[in-house]
Amino acid sequence: GYGGACGSHRPLCARPPSPPSPPSQVALEFAGMSPNFHYSNALWTNSNPHTGATDSQGRTERKTAAFGQPTSVVILEMTRNSVTHSVSLPISPAQSLLSIFMGGSMSTNGSLSDWRQLSGYGYQPHCNRQGFNIVGQTAYGGVNGQNNARIGIYFNEQIDCSSPDSGRVVGGSSLSAAVGCTSSCTGSSSSSTQSDVWVRVLVAGGSSGSISPSPPSSTVCDTSQCAEYSPTSQDDDCCALDSDIYCMNGYTLSRVMPGTPGVTWLNGQMSGCEGYGGNTCCSPPESLAPPASPSSCARGYTAVSGEGCSNYIHMDDASTYGVQGGSTTLEECAAAVQALNGQDGCVGEYFFFETDGYCNCPTDACTTGSENSNAGGSGQLYRFNSDCDSSPSAPPSLTCTCDCYGSNTDMFNGTHEGQPDDSCREDYCFANGISAEDCIYGQYDSCCYSEGYAGAPCCEDAPSPPSPLPLTPPPSNYYEGDAGSDCDVGDVIVSESECRSAASSVGGYDVDAGSTTNSQRYFKSYSGGCQTGCSMERDSDCECNGCGTCFYWNAGYGGACGSHRPLCARPPSPPSPPSQVALEFAGMSPNFHYSNALWTNSNPHTGATDSQGRTERKTAAFGQPTSVVILEMTRNSVTHSVSLPISPAQSLLSIFMGGSMSTNGSLSDWRQLSGYGYQPHCNRQGFNIVGQTAYGGVNGQNNARIGIYFNEQIDCSSPDSGRVVGGSSLSAAVGCTSSCTGSSSSSTQSDVWVRVLVAGGSSGSISPSPPSSTVCDTSQCAEYSPTSQDDDCCALDSDIYCMNGYTLSRVMPGTPGVTWLNGQMSGCEGYGGNTCCSPPESLAPPASPSSCARGYTAVSGEGCSNYIHMDDASTYGVQGGSTTLEECAAAVQALNGQDGCVGEYFFFETDGYCNCPTDACTTGSE
């Protein structure tokens, strides 16, 4: 108010507003007590519209068109007692809710604090298993009996997922929503499982509303997918009341009145349902390939003999596969296998249809060479056709007796043999999918006419067209725009030389560089710009104000005005940040078991070098924040990797000092790691997985610092395969011993070299000297081991450590810019300088040791209701019975906000035990 000291002024700044988020659209909403959204209800796995009851607050149960809309974010909302909370669940790559719920189990990475707030009921600190299509999770107390969840999270008081008593479940086994907490709750407890919430599931972007009662223009209606009374009861006349109208197999429902333009009917056109508002129209959703006509080739599959498959997925459960065993049709089975192909081990090159209405997808390449009964019942093996063309048939291939051009003609007119002008009937040929080349080379009589002799044969001896020029895939920075459109902003080619390069890269031919055959796609380039819809030659064909151009002449003869396609140059993507090795070691190393301290401290490490020159090590990149962790495994000189996005960015040190954390790495990438086989289900992946049952290929590795578990059953109760790094008793465990897709192993294997990398930053060993302007805390020096305090901060290289995850360096006397906490050290020049321990980014740096400067104050007359007892060094970084006051303070600060720790206070026991409260400590007495 009076000027202040120099440098004390505070600027006022303007941050640009954030761009608006795409609008969120409601896909589902319903009451927790609704009978219509239990896990097995068909509304989760079909695209039929739904409108249910309206409650006393005017909220209507519904399922909208947004359910089938691809999205990169799903938002789950719960409203209870007029208070609404939500959690956002990123989806990568984007897909629709229909696609998600028709698929398998899928982990999510929503904010733990947002999940805990949902519904307003309390929670327990551990487990925290979240995802879509969770199956077979034990569940008691506040989520009792809800072992399956379409969307949900489970909490537990124990440090595993064996007995959750709380959670947030949507689409549960027997309840549409289940919320509550009955034991050891942080927050409000409930006496039992509750469903007193209103649920909304939203997707980002798109448009809302009910599924359209009429189809869009230019749509397809497949009469074989009409249903009446239920989604599995086929309707042969596609005529039903609104209350009884359905589509089968996830097809999109609308109505079509006779004469509606732009509608293509498959498997027979329907009419005669005008009194009901039009016939049922069932169109394939984006997630399914549209079926063709029912002939053997057009359906896309062929019955085969003398071939067989070793193993099958028995697709009997409609809630999982969209078809019901015992009542499935051949067409339904084909569509369901196509949808499942590549998921849960389904290898969808073949399918086996049992005559009793059961559908089976093979899990192998079907190379047994003989028929068998492995599917379980009598039936027929089918192979999907790769060469079947489901496009509309061209007109009959009649050989013309003349060609529609002469030696002095172009595409549209010319004379020959003394006849009047001839032309290609563009209106007929193009409308029927016949190319200009085919037309002018005389392959269809009906394309050609001679004036005065319409429809009559012309002359003789049409030439055979030359083979078209093969086109090579363009490089990532060149592409063809749409006909009649401009390049995207910033992608316009502005030089003639680059235009030539672009056209050459996509397989074109420059007419200015020499002659070309008529069938080749060729281009003409002009300096000064790269537009579209303009003339190939100035003042001819299709003048467009004289603009400079760079485009393909699509048809080879000029094409109709506006049919030209621009060639564009997309700026190259910026290079990805380099990946740096944080950890690497052999699977048989004794140094990276789950409980080894190297996972939870920042000390450097260099171990043995193997026969291939690979050295076990832990580098400075371990403490570097990253948005992507890359796990690599090398076996028999073959390397595979999986990328694990991290949001928000944090270091590996921070991750491994924290609690269990789900990941969302590519399932196919996980399965390829190590080269061993896998089983189709469970697919539980993450960091710091604790208490997972594990047999067979990962036997006894119940904990994993990084890993995934696979199972043959459709739950996680008994995995026999997986990829585990930092296991309970092995540094790496890989293998598969039962019902494996791919190579099996006789037992658990560790014959891999593991590397854990982080994106960006610099690699190398931890610096031997600190950066300028750093802090060295003498209370954190250690010698011989990370838990043996060193009071003089002087140690040999082989014995030097820091405690509690502090960063290690050395400091020579007189080094400028160094601030010492808890007393300055010197006298270790002969060892290369004193130990300097600096707080890592994940920990708040401690101050001086006075009561206030250390950041905490002893209090009296206050107390807390419950505590986390931080006795396990592998979990909390401190060991009960030997923890110091300073170590306890730092460990509570690191745990604050995780696993229920409310780190405003901490309790230190004189016997060396540390405790973090799980409440606000408002009891008012000790």
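Before you click on anything, one definition: buried means under 20% relative accessible area, exposed means over 50%, and partly exposed is in between (1.4 Å probe, protein chains only). What you have open is a predicted model, in which local features need pLDDT of at least 70, side-chain atom pairs count only at pLDDT 80 or more, and totals for chains, interfaces and linings use all residues. Residues are numbered from 1 along each chain as its sequence is written, and side-chain values use heavy atoms, with hydrogens and water left out.

**The whole chain**

Start with a cartoon view. You are looking at eleven helices and 49 strands; these are DSSP runs, numbered from the N terminus, with helices (H or I) of at least four residues and strands (E) of at least two. Of the 926 residues, 48% are buried. Switch on a surface and it comes to about 40900 Å², with 49% belonging to carbon and sulfur atoms (Shrake-Rupley method, 1.4 Å probe; for residues, only the protein chains shown count as cover). As for contacts (heavy atoms within 4.5 Å), take those between residues at least 6 apart in sequence: 64% of them join residues at least 24 apart.

**Salt bridges**

The structure has nine salt bridges, each a side-chain nitrogen of Lys or Arg within 4 Å of a carboxyl oxygen of Asp or Glu. Let's visit three of them.

Select Asp55 and Arg59: their closest N and O atoms are 2.8 Å apart. Arg59 is partly exposed at 22% relative accessibility, and Asp55 is partly exposed too, at 23%.

Now pick Glu77 and Arg200, which pair up at 3.0 Å, N to O. Here the partners come from distant parts of the chain, 123 residues apart: Glu77 sits in strand E4 (residues 71-80) and Arg200 in strand E11 (residues 198-204). Is Glu77 buried or exposed? Glu77 is buried, with 17% relative accessible area, while Arg200 is partly exposed at 24%.

Stay on E4 and select Arg80 with its partner Asp196, whose closest N and O atoms are 3.2 Å apart. This pair also links distant parts of the chain, 116 residues apart, with Asp196 in the loop between strand E10 (177-181) and E11. Arg80 is buried at 18%; Asp196 is partly exposed at 36%.

**A loop contact**

Jump to Met825, in the loop between strand E45 (818-821) and strand E46 (834-838). Met825 is buried, with a relative accessible area of 19%. What does Met825 touch, not counting residues up to four places away in sequence? Show Thr778, Asp791, Asp792, Cys793, Trp820 and Asn834. Draw a distance from the Met825 C-alpha to that of Cys793, 32 residues apart along the chain, and you get 6.9 Å.

**Towards the C terminus**

Next, select helix H11 (residues 885-895) and colour its buried residues: Glu887, Cys888, Ala889, Ala890, Ala891, Val892 and Leu895. They pack against strand E47 (867-869), helix H10 (873-876), E48 and strand E49 (913-917). Just after H11 comes Gly897, with a positive phi near 90 degrees.

Last stop: Glu909, in strand E48 (residues 907-909), which is partly exposed at 31%. Add Asp871, Asp872 and Asp911 to Glu909 and you have a negative surface patch. Patch residues have over 30% relative accessible area and no salt bridge, with like charges joined within 9 Å and nonpolar side chains (Val, Leu, Ile, Met, Phe, Trp, Tyr) within 5 Å. Asp and Glu count as negative, Lys and Arg as positive, and His and the chain ends are not counted; the charge is placed at CG of Asp, CD of Glu, NZ of Lys or CZ of Arg.
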